[in-house]
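Please work through the following exercises with the sequence and the coordinates open beside you. Each one sets a task and is followed by a solution in steps.

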Amino acid sequence: MRWHIPRSHPRYESLKLREKLVEAFEAGIVVPQGLIAHGRGEAFDYILGEKSHDFALEAERATVAHLIISKKPIISVNGNYAALAAEEIARLSIETGAPIEVNLFYRSEERIAKIEKLLADHGAPKILGTNCEKTLIPGLESPRGIVCKEGIYTADFILVAIEDGDRTQALKRIGKKVAAIDLNPFSRTAQTADITIVDEAQRATRNMENIAKELKGNHDMLKQIILKYDNKAILSKAFKTIMERLEEAAAKGVIIEF
Ligand code: PTJ
């Protein structure tokens, strides 16, 4: 860490995440646009109270169930997700057996290699990126459409995080099931995913690792979780929580006790 952030700072966790992103930006892992994207996420997290709500945990449980039960699941990782949660992603991959593919919007082979190395240094067992046969997702013009044949292209379930707008739709058009971590429930990604995790990416991934540890032996329970899951209801709960928090703030004016 370049800057010492005192633990006593009221916004310690948030500042630590910012520091991680800045360091990853300087290392060529995060693009400048990623820093802007993080600010949007932070704003939603602030409104949501910077914690994992029940609707997020329910979506995280459904995602873990799919990662364990699907025939060919994959965890798609971009610059921001790697910078914030490389350690947690590696552990989630180990716990669920789902491999990782590095897939970038601002794509360069150099960045892919750096992200692969970061994930490998944290113990991720299988990472696709520079080392695979490439193909294209039909109908997706951004470089994010370039994917690995043995990875995202043939996967049946894909976890994405901190995504730009059109890829989830493109993946769904070719028959994939998609879970998306996105703090903004209004986003195109959040609205089109099969499972929307309205939670901060590092927190969400840590939660999923714990859920996987707890549930991975219990396939009947995992199947039940998938059967009962209703993403519209989850999104409604996320919007309702935002509304209730804003209503409380509007009624009281001052909500932080000093
Ligand atoms: O690394 P690359 O080249 O693939 O580029 C990645 C970025 C992030 C630049 C690219 O995917 C992008 O531009 O994303 P957007 O369109 O800004 O969308 C990012 C979404 O993630 C927004 O809805 C944010 O609210 C949300 N978000 C940002 N930070 C977090 C987050 N959601 C969860 N956890 C976060 N930490």
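The exercises below concern a predicted model and deal with its ligand and its largest pocket.

**Exercise 1.** Identify the residues that come nearest to the ligand, and describe the shell around the ligand by residue class.

*Solution.* Begin with the shell, in which a residue is included if one of its heavy atoms lies within 4 Å of the ligand. There are 24 residues around the ligand, and those that come nearest are Phe105, Tyr106, Arg111, Arg144 and Asp182. Next, sort the shell by class, which gives 8 nonpolar, 8 polar and 8 charged residues.

**Exercise 2.** Find the distances that separate oxygen atoms of the ligand from polar atoms of arginine 40, glycine 41 and aspartate 164, and then determine how much of the ligand the protein covers.

*Solution.* Start with the side chain: a polar atom of the arginine 40 side chain is placed 3.0 Å from a ligand oxygen atom. Then turn to the backbone, where a polar atom of glycine 41 is 3.5 Å from an oxygen atom of the ligand, while for a polar backbone atom of aspartate 164 the corresponding distance is 3.3 Å. Finally, consider the accessible area, which for the ligand on its own is 750 Å², and of which the protein covers 94%.

**Exercise 3.** Locate the ligand with respect to the pockets of the model, and establish which elements give two or more residues to the shell around the ligand.

*Solution.* The ligand sits in the largest pocket. The elements that give two or more residues to the shell around the ligand are α2, spanning 32-48, and α4, spanning 79-96. Of the elements, α2 gives the most to this shell, contributing 6 residues.

**Exercise 4.** Characterise the largest pocket by its volume, its lining residues and the elements that contribute to the lining.

*Solution.* First, the volume of the largest pocket is about 660 Å³. The pocket is lined by 32 residues, among which Ala37, Arg40, Ile162, Glu163 and Asp164 are the closest to its centre. Two or more lining residues come from each of α2, α4 and α7 (188-192), with the largest share, 8 residues, coming from α2. Lastly, the lining divides by class into 11 nonpolar, 11 polar and 10 charged residues.

Note on methods:
Residues numbered from 1 in each chain as written. Predicted model: local features only at pLDDT ≥ 70, side-chain atom pairs only at ≥ 80, totals over all residues. Heavy atoms only, no water. Polar contact = N/O pair within 3.5 Å; in protein donor to acceptor, adjacent residues only side chain to side chain. Areas by Shrake-Rupley, 256 points an atom, 1.4 Å probe, with all protein chains shown as cover. 1 Å grid on protein atoms, 1.4 Å probe; cavity = no way out; pocket = protein on both sides within 12 Å on 5 of 7 lines; lining within 4 Å. Sits in = over half its atoms within 2 Å of the grid points. Helix = DSSP H or I, 4+ residues; strand = E, 2+ residues; numbered from the N terminus. Nonpolar A, V, L, I, M, F, W, Y, C, P; charged D, E, K, R; others polar. Points joined across faces, edges and corners; volume = space filled by probe spheres on them.
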